[in-house]
Number of protein chains: 2
Amino acid sequence: MRIALDAMGGDHAPSTTVEGAVEAVKRFKGLSVILVGDKAKLSSELRGKEYPHSHISIKHTSETVDMDESPISAMRRKKDSSIRVAIDLVKSGEADAVVSAGNSGVVMATALYVLGKLKGVERPAIATVMPKLEGRFVLIDAGANVDCKPVHLLQFAVMGEAYAKHILNVKDPRIALLGIGEEDAKGNELTKETFKALKNLQKNFIGNIEGKDIFHGEADVVVCDGFVGNIALKISEGLAEATTKMLKQEISQTAYGKLGYMLLKDAFKNFKKKIDYSEYGGAPLLGISKLCIIGHGRSTARAIRNAIKLAYEFHDKKVLDALSHEFNVSMLEREQLVAKR
Amino acid sequence: MRIALDAMGGDHAPSTTVEGAVEAVKRFKGLSVILVGDKAKLSSELRGKEYPHSHISIKHTSETVDMDESPISAMRRKKDSSIRVAIDLVKSGEADAVVSAGNSGVVMATALYVLGKLKGVERPAIATVMPKLEGRFVLIDAGANVDCKPVHLLQFAVMGEAYAKHILNVKDPRIALLGIGEEDAKGNELTKETFKALKNLQKNFIGNIEGKDIFHGEADVVVCDGFVGNIALKISEGLAEATTKMLKQEISQTAYGKLGYMLLKDAFKNFKKKIDYSEYGGAPLLGISKLCIIGHGRSTARAIRNAIKLAYEFHDKKVLDALSHEFNVSMLEREQLVAKR
């Protein structure tokens, strides 16, 4: 499997991207990575590293996209950026997937423009995995679409279900709608409409789920619009960080704090691992015709390696084929249901 | 000061409400509480407790509202419910404020119907206080209005500012808009429009704030619609609980875990206190003509006491008068600004 890695994307690129790629090709069988970016910088990062040389190549590009650049201007003006060229490599068939921790707005817009959508999809969405007390769940959409209609959320449910089934290995993923009360009639205009549609069309739909229950509850897939999803994701990230910091503050102020902390070091480490975004690495942009993984802007080398791993698993398990199939079936079912009325 | 307490409201009422009221009248000078609810049950809860007897009275009601009852049906059918009668006592001037941890939808609808809005307010909103690394911040709206227009969010900013100024004692509260990126142009239709208006009309507006920054950032007031706000609040609550549980799981699995935990017991206790909703007790429904505090459905006696304390502080500092004044000034300023164009 060949991955085009936007080697200039992310706050700490290219050292983290190169390091992540090196770790990945050593670990995953049959994987090769094309580092897309400034050849001189990438060669220099690679120098002295041990890895199977035939599994990493460099595709030179002259431009990079800034983290705060607007998608439209970047797409128009930067045809030789690392993001654009990495995506072009997937379009031309030279790579099977693209991974980028760069400007996510630009990645989304470019992927949509260059690669197009899977048949039947109205809006691609970002699916991200989050930890819960027992296991994990998929949150979709985590930020691709800020203003949505019920049909979009319905489609997100189909995409999230495929992710949970094939990547999280959940046999019959339970799908819930993120809302402000469990009762059917609670929510805003969007979720109330979506609730009715999901109830009719998704056999594993378990109803509305409140924010407090996503980390405890039964849902394997939590569906929402991208504005709400992005806020949910970022609040979780921010709070996990803040609680760890608050706890450390408190610990440093108690008499036996340091000793206690030393004794609990492993527990804290495991805990951090459980809530750390870099363990999950990246989030697929589902609904695009080809595989596109978006990494966290603050990605470490470990996060990049895990984003590559996620692309590897998606490819290995042929999730896009399955998704395309599921999607067609589900769309067909939907049409039949609609026709029945 | 006289508070009408919905003594039947909350998952663990009336034992928690009576206990909370007893603690409150012992602690706060000049406070008296009218327990509204089933007289026999309330008398039985009071029996044997020590408190200044003249400071607690009972107003008998024959009905109670269930937690999942719809606001409209409860308002129509239950004129002698503890919620309704407690609010009626404020209307008639027999009490200065109402506190209820009962069905919050019913409390909101009844308060709005019986007490009406402050002059100039379009939609009352729930303001809740949340912890951040240094200090606290006000989140508004935390759930009263699910579908909002920019003018509503503008008004929430004015209300949140008054709360932060008078109750959190922040001299010039910094106001931020909850969104999905710091850039001015990021957000959904609602927040993009609101951003422009806040920039023109609120001198302490510091721009958009992302979910991850609310616990670290500079904002004293975070403004959003009630759907997003409720999800933000509930996710924070759920995650704080889940992280504590996850950490305990990890601790129980390490060799020196129990010893380490014992040494850190105080730190964990202080930490829990910092993130525990019951420390904050209740959330005012701002924009109503009289003082109305909504408690958490799962309120403990401590949470009830703190909700009463919050009502006491609001009354003591004459926040509603200040809010009414601020509101008129701010509305006047707005009209002037609009007239200028």
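# Briefing: a two-chain predicted model

P150(A) belongs to helix α6 of chain A, which covers residues 150-166. The model is predicted. Chain A divides into domain 1 (1-121 + 287-317) and domain 2 (125-279), and 52 of its residues are in contact with 52 residues of chain B. In chain A, eleven strands form an open sheet with mixed pairing. The points below start from P150(A), go on to the sheet in each chain and the domains of chain A, and end with the interface.

**P150(A) and its surroundings**

- P150(A) counts as partly exposed because it has 17 C-beta neighbours inside 10 Å, while 20 or more would be needed for a residue to be buried.
- Leaving aside residues up to four places away in sequence, P150(A) touches L190(A), E193(A), T194(A) and A197(A).
- Y280(A) lies 130 residues from P150(A) in sequence, and the C-alpha atoms of the two are 28 Å apart.

**The sheet of chain A**

- The strand order in chain A is β3-β2-β1-β4-β11-β10-β5-β6-β9-β7-β8.
- At the edges stand β3 (56-60) and β8 (205-210) of chain A, each of which pairs on one side only.
- On average, neighbouring strands of this sheet are turned by 30° against each other, direction ignored.
- Helix α2 (residues 39-46) of chain A packs on the sheet and touches β2 (32-37) and β3 of chain A. The direction of α2 makes about 160° with that of β3(A).
- Helix α8(A) lies across β5, β6 (136-140) and β7 (175-179) of chain A, and runs at about 140° to β6(A).

**Strand β10 of chain A**

- Strand β10 (residues 282-286) of chain A is mostly covered, with five of its five residues buried.
- In a regular strand, side chains alternate between the two faces of the sheet.
- Buried residues are found on both faces of β10(A): G282(A), P284(A) and L286(A) are on one side, and A283(A) and L285(A) are on the other.
- Strand β5 (residues 125-131) of chain A is joined to β10(A) by two bridges, and the two strands run antiparallel. Here A125(A) stands opposite L286(A).
- Strand β11 (residues 291-295) of chain A also pairs with β10(A) in the antiparallel sense, over three bridges. Here P284(A) stands opposite I293(A).
- β10(A) and β11(A) form a hairpin with four residues between them. In the turn, G287(A) has a positive phi of about 105°.

**The sheet of chain B**

- Chain B has an open sheet of eleven strands with mixed pairing, in the order β3-β2-β1-β4-β11-β10-β5-β6-β9-β7-β8.
- β3 (56-60) and β8 (205-210) of chain B each have a single partner strand, so one side of each is left without a neighbour in the sheet.
- Neighbouring strands of the chain B sheet are turned by 30° against each other on average, direction ignored.
- Strands β6 (residues 136-140) and β9 (residues 221-223) of chain B pair in the parallel sense over three bridges. L139(B) has V222(B) as its bridge partner in β9(B).
- Helix α6 (residues 150-166) of chain B packs on the sheet, touching β5 (125-131), β6, β7 (175-179), β9 and β10 (282-286) of chain B. The direction of α6 makes about 165° with that of β9(B).

**Domains of chain A**

- The C-alpha centres of domain 1 and domain 2 of chain A lie 26 Å apart.
- Contact between them involves 13 residues of domain 1 of chain A and ten residues of domain 2 of chain A.
- Helix α12 (residues 301-316) of chain A supplies five residues, the largest share of the side of domain 1 that touches domain 2.
- By class, that side of domain 1 of chain A has five nonpolar, five polar and three charged residues.

**Interface between chains A and B**

- The contact joins 52 residues of chain A and 52 residues of chain B.
- Helices α8 (226-253), α9 (257-263) and α10 (265-275) of chain A each supply at least two residues of the side of chain A that touches chain B.
- α8(A) gives the most to this side, with 19 residues.
- By class, the side of chain A that touches chain B has 25 nonpolar, 13 polar and 14 charged residues.
- A turn of 180° and a shift of 0.0 Å along the axis lay chain A on chain B with an RMSD of 0.0 Å. That is the relation of a two-fold axis.
- G260(A) comes closest to the rotation axis of the residues of chain A, with its C-alpha at 2.1 Å.
- The copies meet through the same surface, because 100% of the interface residues of chain A are also interface residues in chain B.

Key
Residues are numbered from 1 along each chain as its sequence is written. Chains are lettered from A and ligands numbered from 1 in the order in which they are written. This is a predicted model: local features need pLDDT of at least 70, side-chain atom pairs count only at pLDDT 80 or more; totals for chains, interfaces and linings use all residues. Two strands pair if DSSP finds at least two bridges between them. Axes are lines fitted to C-alpha atoms, for helices over the stretch in contact, and angles run from 0 to 180 degrees between N-to-C directions. Two residues are in contact if their C-beta atoms, placed from the backbone, lie within 7 Å. Ala, Val, Leu, Ile, Met, Phe, Trp, Tyr, Cys and Pro count as nonpolar, Asp, Glu, Lys and Arg as charged, and the others, Gly among them, as polar. A residue is buried if 20 or more other C-beta atoms lie within 10 Å of its own, exposed if 12 or fewer, and partly exposed in between; C-beta atoms are placed from the backbone. Copies are superposed by least squares on the C-alpha atoms of residues with pLDDT of at least 70 in both. Domain bounds come from an automatic or database domain assignment.
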